[in-house]
Amino acid sequence: MVLAMFKLSQLDQGRGGEGRTGGARGGASRGEDGRGGALRGDGGRGGALRTGGARGGASRGEDGRGGALRGDGGRGGALRGDDGQGRALRGDGGEPARSAFGRRGDASSRLVLLIVCAGVVLASLDLFIVNVALPDIARDFGTTNLADVSWVLNAYAITYAALLVLFGRMAERRARQNGFLLGVAIFTAASAACGLADSLPALVAFRILQAVGAALLTPTSLSLILATTDAERRSDAVRAWTAVGGVAAAIGPVVGGLLVAGSWRWVFFVNLPIGIAALVVGWRRLPHVPGHPVPHPDALGAALITVGIAALTAGLVKGEDWGWGSAPTVVALAVAVTTLGLFVLRSLRHRNPLVDPALFRMRAFSGASVAMTLFSMAFGGMLLSVVLWEQGVWGWSALKTGLAIAPGPLMVPVFAFFVAGPLIVRFGAGRVAAAGTTIFAAGIAWWALAAGVEPDYVGDMLGGMLVTGVGVGLTLPTLMATAAGSLPPQSFATGSAVINMLRQVGLAVGVAVLIAVLGTASGATDQLAAFQAAWWVLAALSLAGGVAALLLLAPRRRAAVHAAQPAAAPTR
């Protein structure tokens, strides 16, 4: 990905960005005035502007008074000319103006997608990559209490989920490219600090800082894509963005297993080259996407939803350790219910709510949100269940477990990029999402029916991994594209933050459900029965997401197709 960003950046430079003069073989010299209008080099007097040689020779023309207009026909040089009275005529011949800091801001929509996907890889990969490193982290810091070291995961998840909406709402007011770059910078610096941490409390603190960066870059990344991509191509771009995040999250255990073989610190250091590349290319090439002059977000509403999500996530991820009926768990869940209830009431009544209730009056957005939450519960529980089964029951190493998971994620981009789009055009987003969740449930059911206590990867696990990968590839990008495609431009950042927040909450709930069902079973027979029960529960959650997609999305199938997948129109 690092090499791809720099290569595509160079290709975009060679093409001259939005305004350009001279094709490689003498094509017409042209540019844009920022509103889609052509910049003409004839001085308004009808003089011809001609482009030169095969390798970008000078473009020449006359302004009607004999003054030559010259421009670099392929190297993006300035278009200059003399109007016959000694006054220079200048135009942008393909190279956007540079600032004093070397910023260009002329990235094509493809390069924008690649840059922001690098940021999404950072945030999504880190949700799962650390799981397989926890035992090594505990040994390195001299602790055997996994409940204590689990805060390396929990602190990140709580902060990430709690801040997504707040930062998404704030991002609506400011330039999106700056918010994205700030998020990447924070995340990258915090990753380096995590890798250098000399104590468990320090590592947890730096993980919180990582989550702050992730919560900032996630909504601004999707907002940049939506703002810089033509309407007819947005659905494809959103599916690509979602597929990249899904693959990164799914291969987290694979990458983690490989890196832990060297040192657990590499699970954090691996973020550095990706983050630095995104910062360098993004600073130079991301276009300016201004914010909207909207009122400041509701401060009390922001506090309520932050406390509510933090309390809900804490209660769910720590419920097994604290005890589901213990005072800390009950208090955490009670605080969550109370504060989130107050947040809903305030959103309904406030003149400028943090989350506009109008978002959920859009059927496509609300339907995709419900289906996404349920499917994410099944997805989060599924990933952890495989890691726990192969390491805890079969006794495999982190590296072997990670490699065993790999076939599933390989299915995701294939079906997200090449299969989901045509199916949405033909059958509608609701039916495609329902089919994906059903296939995903079938993969989980495979394990419930086939898994045995004696390791047999090909017979017991491989088939389920492949089938669940197909389900993810059909479901996750479809739901994300449907939700994003229904958003008005002024709600790109907030809406994407809401759908991603629901996804993170679903992941946390799914993990909590899995741990609750597994309990403390010991012995091979009891463990097998517990995992079978857990897999059936996860399969039911996935099917429930499919039912929600059918009921809430299918009735508006034609509208959903045009809003979420207009890719059938001719591409330009």
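Here's a quick briefing on this chain, from the overall numbers down to single residues.

The model is predicted. The protein chain has 23 helices and 5 strands, and buried residues account for 54% of its 572 residues. A search of the whole structure turns up 1 salt bridge, and that pair ties together distant parts of the chain, with Asp140 and Arg265 sitting 125 residues apart.

**Whole chain**

- Take the contacts between residues at least 6 apart in sequence: 77% of them join residues at least 24 apart.
- The accessible surface of the protein chain adds up to about 23000 Å². Carbon and sulfur atoms own 63% of that surface.

**The salt bridge, Asp140 to Arg265**

- The side chains of Asp140 and Arg265 meet at 3.5 Å, N to O.
- Asp140 belongs to helix 3 (residues 134–140), while Arg265 sits in the loop between helix 9 and helix 10.
- Some background: side chains of opposite charge can pair when their charged atoms come close.
- Buried or exposed, or in between: where do the two partners fall? Asp140 is partly exposed, with a relative accessible area of 43%, and Arg265 is partly exposed too, at 22%.
- Arg265 has other company besides Asp140: leaving out residues up to four places away in sequence, Arg265 also touches Cys194, Gly195, Leu196 and Ala197.
- There's also a long-range C-alpha pair here, with Arg265 and Ile137 separated by 8.5 Å although they are 128 residues apart along the chain.

**Helix 11 (residues 271–285)**

- Does the length add up, or what span should you expect? With 15 residues at 1.5 Å a residue, helix 11 should span 21 Å, and its end C-alpha atoms are indeed 21 Å apart, so the two agree.
- The buried residues of helix 11 are Asn271, Ile274, Gly275, Ala277, Ala278, Val281, Gly282 and Arg285.
- Looking down the axis of helix 11, those buried residues fall within an arc of 160°, so they line one face of the helix.
- The general rule behind such a pattern is that an α-helix has 3.6 residues a turn, so residues three or four places apart point the same way.

**Gln210 in helix 7**

- Gln210 is found in helix 7 (residues 200–228).
- With a relative accessible area of 0%, Gln210 is buried, because the cut-off for that label is under 20%.
- Setting aside residues up to four places away in sequence, Gln210 touches Asp126, Tyr156, Phe187, Ala190, Ser191, Cys194, Phe268 and Asn271.
- Two of those names come up elsewhere: Cys194 is also touched by Arg265, and Asn271 is one of the buried residues of helix 11.

**Ala192 in helix 6**

- Ala192 lies in helix 6 (residues 176–196), and at 22% relative accessibility Ala192 counts as partly exposed.
- Which residues does Ala192 contact, leaving aside its neighbours within four places in sequence? They are Phe269 and Leu272.
- Ala192 and Trp266 are 74 residues apart in sequence and 9.7 Å apart in space, C-alpha to C-alpha.

**Two buried residues with far-off partners**

- Val112 lies in helix 2 (residues 109–129) and is buried, at 1% relative accessibility.
- From Val112 to Leu224 the C-alpha distance is 7.4 Å, with their positions 112 residues apart in sequence.
- Leu384 has its place in helix 15 (residues 363–393). At 18% relative accessibility, Leu384 counts as buried, since that label applies under 20%.
- Leu384 and Leu514 are 130 residues apart in sequence, yet 8.2 Å apart in space, C-alpha to C-alpha.
- Leu514 is also on the contact list of Leu384, along with Asn131 and Val511, not counting residues up to four places away in sequence.

**A nonpolar patch on the surface**

- Leu342, Val344, Leu345 and Leu348 form a nonpolar patch on the surface. Together they have about 360 Å² of accessible area.
- Leu348, one of the patch members, is in helix 13 (residues 327–349).
- Leu348 counts as exposed because its relative accessible area is 58%, and that label needs over 50%.

Key:
Residues are numbered from 1 along each chain as its sequence is written. This is a predicted model: local features need pLDDT of at least 70, side-chain atom pairs count only at pLDDT 80 or more; totals for chains, interfaces and linings use all residues. Side-chain values use heavy atoms; hydrogens and water are left out. Helices (H or I, at least four residues) and strands (E, at least two) are DSSP runs, numbered from the N terminus. The expected span of a helix is 1.5 Å times one less than its number of residues. Buried means under 20% relative accessible area, exposed over 50%, partly exposed in between (1.4 Å probe, protein chains only). The arc is that of the directions from the helix axis to the C-beta atoms. Patches are made of residues with over 30% relative accessible area and no salt bridge: like charges are joined within 9 Å, nonpolar side chains (Val, Leu, Ile, Met, Phe, Trp, Tyr) within 5 Å. Accessible areas come from the Shrake-Rupley method with a 1.4 Å probe; for residues, only the protein chains shown count as cover. A salt bridge is a side-chain nitrogen of Lys or Arg within 4 Å of a carboxyl oxygen of Asp or Glu. Contact means heavy atoms within 4.5 Å.
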